Amino acid sequence: MNAPLPTRRDESWRYADLKALEPVWAKLTGPEQITVPAGETVSRQIAELPVIDGVGMIDLDVTIGDKATFILHVLAHNADYGRIQVRATLGNGSHFELGGAILGAGKQTLEIVTETIHAEPNATSNQVVRSVLADTATGSFLGRINVARHAQKTDAAQSVKSMLLDRGATANAKPELEIFADDVKCAHGATVGELDKQALFYMASRGIDPVTAKKLMLQAFIADAFVSVDDDAVRDAIEGKALEVLEGLS
Amino acid sequence: MTISTGVTYRLKNFELKRNQMLKIENLHATVGDTEILKGLSLEINAGEIHAIMGPNGAGKSTLAYALGGRPGYDVTAGSVTFTPLPLAGGAGGGQTSDEAPPLTPPASGRGTDLLALDPHERAAAGIFLGFQYPVEIPGVSNLQFLRESLNAQRLARGEEALSGAEFIKLAKEKAALLKMDMDMLKRAVNVGFSGGEKKRNEMVQMGILNPKLAILDETDSGLDIDALRTVGSGINAIMRKPDKAVLLITHYQRLLDEVKPDFVHVLAAGRIVKTGGPELALQLEEEGYEAIAEAA
């Protein structure tokens with residue numbers, strides 16, 4: 001990449017692992033441009049990051065045409081430092097859907113960073129991110145939403161939930177809203193928690209062993225990120241991959 | 001054939017009468033730094049229903065949790081021996097124990113040290129804990145939860161897992177017994193259930209898991225009169241069997257009108273201070289715990 005290496009002073013890079021990034025920065029290409037023509041739907045699933053020297057980077061710059069839909073499902077797990085960066089610009093009446101799961105362990109730093117630009121009226125966006133973090137892993141979601149002055153009737157939603165499996169794990173969730181229109185709906189919610197001990201005992205009291213109980217709960221927790229996959233086979237594939245990774249965490 | 005069945009039944013009663021299922025000796029348990037149970041002893045035989053009544057803070061729920069192995073409820077002294085009759089086999093988790101119970105009571109001294117088992121192992125051994133406040137598990141459906149539970153228990157006992165079809169049949173049957181529709185079984189465990197629905201769900205779970213000993217912690221709390229009757233008849237239908245037993249923790253006489261106890265115990269300040277028949281519950285209702293606990 002020709003651009004200079006980002007610094008932590010840049011808000012969207014404040015939780016990044018810049019030390020890991022530095023040696024591979026020059027090898028990275030710029031963002032992939034995606035254009036969704038008016039009225040059409042494009043779906044993309046990313047279950048593995050393309051990794052160079054431990055760094056996995058997905059960088060998308062998406063232009064969503066009028067009444068078009070872009071649906072993205074991502075699984076961030078297989079990198080020491082992994083970053084999924086999406087810039088989506090929405091046309092009139094269009095929709096952007098993001099479902100993401102961050103599954104980290106060890107010393108991994110994984111993040112999903114979005115910039116959703118409601119440039120035109122009547123567009124909707126929905127972002128659901130679930131993180132499960134073990135050991136001393138860090139998982140971050142930074143979601144910026146810009147609503148232009150004339151982008152009335154915008155409906156933008158973000159739901160970000162993180163589950164910390166160990167004391168040393170870190171979750172960051174940062175919604176950032178810049179709204180210039182006055183007739184808009186922007187909902188955002190973020191929680192950070194740990195596995196519900198009462199539920200674990202309840203399951204044990206019915207005969208479910210601790211490993212299975214944990215698996216069932218984590219499976220249910222991350223399922224939210226993939227409910228918006230409309231093709232059952234595709235959903236099964238990405239959920240299956242997520243489960244496989246989860247089993248490695250516990 | 002008829003004659004031999006009759007003989008079997010008499011023999012069974014004779015054997016079961018002596019079949020001690022649970023023996024709690026001098027149980028001490030603490031929650032945090034506070035000792036709640038202070039030397040509780042109790043014996044329950046197969047075929048019996050025991051009610052434990054007592055004032056708030058007496059240790060009733062602590063007893064249930066200590067027996068279930070809940071983390072944070074530490075047993076500091078005493079022993080609990082669990083000696084169930086071998087579980088009846090067959091598809092459906094041996095639902096018909098009143099027809100042909102296995103008649104091989106374990107030899108004395110062969111019981112399981114319950115306190116040495118993990119909570120999920122206690123369940124597989126045949127213990128069911130009915131929660132005062134059943135827990136919500138978002139995202140996990142009742143059916144999935146119950147199938148995982150039942151099959152985990154069956155596998156732990158060396159039995160085969162039930163197929164999806166077998167399980168659904170069993171779930172339908174037990175849900176109908178508790179007047180619960182299948183739509184509720186498809187919903188996430190206890191999520192959005194009313195207090196009464198949660199309690200009925202506990203009983204559906206009990207029916208499906210088919211335990212040897214049910215420890216029911218204030219299953220009657222939060223129930224309206226009709227639901228109380230449904231739950232009461234559910235307990236009778238599922239657990240009133242010669243090879244099963246119930247420990248019923250309750251505040252009120254009302255449930256005991258539905259589920260007739262063989263013994264009533266008064267728990268006060270961490271010990272059982274008085275034991276009697278069903279009439280003791282009536283006396284408690286009339287005179288209050290204080291009078292009885294003091295007189296004891």
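In chain B, the residue B:E287 sits in helix α10. This is a predicted model, so every value below is computed from it. B:E287 is partly exposed, with a relative accessible area of 46%. On the surface, B:E287 joins B:D257, B:E285 and B:E286 in a patch of negative charge. Which helix gives the most to the negative patch? Helix α10 of chain B, which runs over residues 278-295, does so with 3 residues. A residue can belong to such a patch when its relative accessible area is over 30% and it has no salt bridge, and the 46% of B:E287 fits the first of these conditions.

Now let us turn to charges that do find a partner. Side chains of opposite charge can pair when their charged atoms come close. How many salt bridges does the structure hold over all chains? There are 27. Here are three of them, with the N to O distance for each pair.

| Salt bridge | N to O distance |
|---|---|
| A:R44 and A:E32 | 2.8 Å |
| A:E111 and A:R83 | 2.9 Å |
| B:R229 and B:E258 | 3.6 Å |

Let us take the pairs in turn. A:R44 forms a salt bridge with A:E32. A:R44 lies in strand β2 (residues 41-46) of chain A and A:E32 lies in strand β1 (residues 32-36) of chain A, so this pair ties together parts that are 12 residues apart in sequence. A:R44 counts as partly exposed, at 26% relative accessibility, and A:E32 is partly exposed too, with a relative accessible area of 35%.

The side chains of A:E111 and A:R83 also meet in a salt bridge. This pair links distant parts of the chain, with A:E111 in strand β8 (residues 109-118) of chain A and A:R83 in strand β6 (residues 81-90) of chain A, 28 residues apart. Are these two residues buried or exposed? Both A:E111 and A:R83 are buried.

In chain B, the side chains of B:R229 and B:E258 meet in a salt bridge. Here the link runs between two helices: B:R229 is in helix α8 (residues 225-239) of chain B and B:E258 is in helix α9 (residues 254-258) of chain B, 29 residues apart. B:R229 is partly exposed, with a relative accessible area of 47%, and B:E258 is partly exposed with 24%.

Salt bridges can also link up into a network. Which residues are linked in this way? A:E11, A:R14, A:K174 and A:E176 are linked in a network of salt bridges.

Notes
Residues are numbered from 1 along each chain as its sequence is written. Chains are lettered from A and ligands numbered from 1 in the order in which they are written. This is a predicted model: local features need pLDDT of at least 70, side-chain atom pairs count only at pLDDT 80 or more; totals for chains, interfaces and linings use all residues. Side-chain values use heavy atoms; hydrogens and water are left out. Patches are made of residues with over 30% relative accessible area and no salt bridge: like charges are joined within 9 Å, nonpolar side chains (Val, Leu, Ile, Met, Phe, Trp, Tyr) within 5 Å. Accessible areas come from the Shrake-Rupley method with a 1.4 Å probe; for residues, only the protein chains shown count as cover. A salt bridge is a side-chain nitrogen of Lys or Arg within 4 Å of a carboxyl oxygen of Asp or Glu. Lys and Arg count as positive and Asp and Glu as negative; His and the chain ends are not counted. The place of a charge is taken as NZ of Lys, CZ of Arg, CG of Asp or CD of Glu. Helices (H or I, at least four residues) and strands (E, at least two) are DSSP runs, numbered from the N terminus. Buried means under 20% relative accessible area, exposed over 50%, partly exposed in between (1.4 Å probe, protein chains only).
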